[in-house]
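Let's walk through this model together, one question at a time. Have a look at the structure first, and then we can begin.

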Amino acid sequence: MNYSKASFEEGQVLLIDKPLRWTSFDVIGRIRKLIRIRKVGHAGTLDPLATGLLIVCTGRFTKRINEYMAKEKEYTGTFTLGATTPTYDLESEPGNFKPLDGITPEMIKAATIPFTGEIAQVPPAHSAIKVDGKRVYELAREGKE
């Protein structure tokens, strides 16, 4: 596809696979630099240690960002059985390993049931939401609740 600066100014929705360690604002900054327009925004912040879909809007489509944010979302991930991390994410290495003896596939499947269907999400301490103007993952990294 060929896009002109005018088409981005008019408005586009870009679906970006946000790289690990990039902030959502890093993505916006890179897009602004590439297409040379100012009116660029995203529909929801992703933590720098999260990867996945970042919906980016340009031009008149920035007015629809709240509409995109209100849509149903699906979260996926991977995990290491028998280990934990203090930050619940990729920032720290898995540790506190426990033996997996006696754990069956049926037990694992049964343990996933509470995590399926509609869930009222409670953000973890290491998330990108803001409290008093500061990202909570920054507060958590400082040892604050």
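Q: Over how many bridges do β1 and strand β3 pair?
A: Happy to start here, with a reminder that this is a predicted model. β3 covers residues 52-59, and its pairing with β1 is antiparallel. One of the bridge partnerships joins Ile16 to Leu54 in β3. Over the two strands, the number of bridges is eight.

Q: Which strands stand at the edges of the sheet, each with a single partner strand?
A: The sheet is open and its three strands follow the order β1-β3-β2, with antiparallel pairing. One side of each edge strand is left without a neighbour in the sheet, because each has a single partner there. These edge strands are β1 (11-18) and β2 (40-42).

Q: By what angle are neighbouring strands of this sheet turned against each other on average?
A: The sheet in question is the open one with the order β1-β3-β2. Ignoring direction, the average turn between its neighbouring strands is 25°.

Q: At about what angle does helix α2 run to β2?
A: Helix α2 spans residues 24-35 and lies across β1, β2 and β3. Its buried residues pack against these three strands and also against α1 (5-10). Relative to β2, helix α2 runs at about 155°.

Q: How far does α2 reach from its first C-alpha to its last?
A: α2 has twelve residues, and at 1.5 Å a residue the expected reach is 16 Å. The value in the model is close to that, at 17 Å.

Q: What arc around the axis do the buried residues of α2 cover?
A: The buried residues are Ser24, Val27, Ile28, Ile31, Arg32 and Ile35. Their arc is narrow enough to put them on the same side of α2. The face turned away from that buried side carries the exposed residues Phe25, Lys33 and Leu34. The arc of the buried set is only 135°.

Q: Is Thr85 buried or exposed?
A: Thr85 sits in the loop between α3 (65-69) and α4 (105-112). Leaving aside residues up to four places away in sequence, Thr85 touches Ser92, Glu93 and Pro94. Its relative accessible area is 16%, and the cut-off for burial is under 20%, so Thr85 is buried.

Q: How far apart in space are Met69 and Thr45, C-alpha to C-alpha?
A: Met69 lies in helix α3 and is partly exposed, with a relative accessible area of 36%. Beyond residues up to four places away in sequence, Met69 touches Ala43 and Gly44. Met69 and Thr45 are 24 residues apart in sequence, and their C-alpha distance is 10.0 Å.

Methods
Residues are numbered from 1 along each chain as its sequence is written. This is a predicted model: local features need pLDDT of at least 70, side-chain atom pairs count only at pLDDT 80 or more; totals for chains, interfaces and linings use all residues. Side-chain values use heavy atoms; hydrogens and water are left out. Two strands pair if DSSP finds at least two bridges between them. Helices (H or I, at least four residues) and strands (E, at least two) are DSSP runs, numbered from the N terminus. Axes are lines fitted to C-alpha atoms, for helices over the stretch in contact, and angles run from 0 to 180 degrees between N-to-C directions. Contact means heavy atoms within 4.5 Å. The expected span of a helix is 1.5 Å times one less than its number of residues. Buried means under 20% relative accessible area, exposed over 50%, partly exposed in between (1.4 Å probe, protein chains only). The arc is that of the directions from the helix axis to the C-beta atoms.
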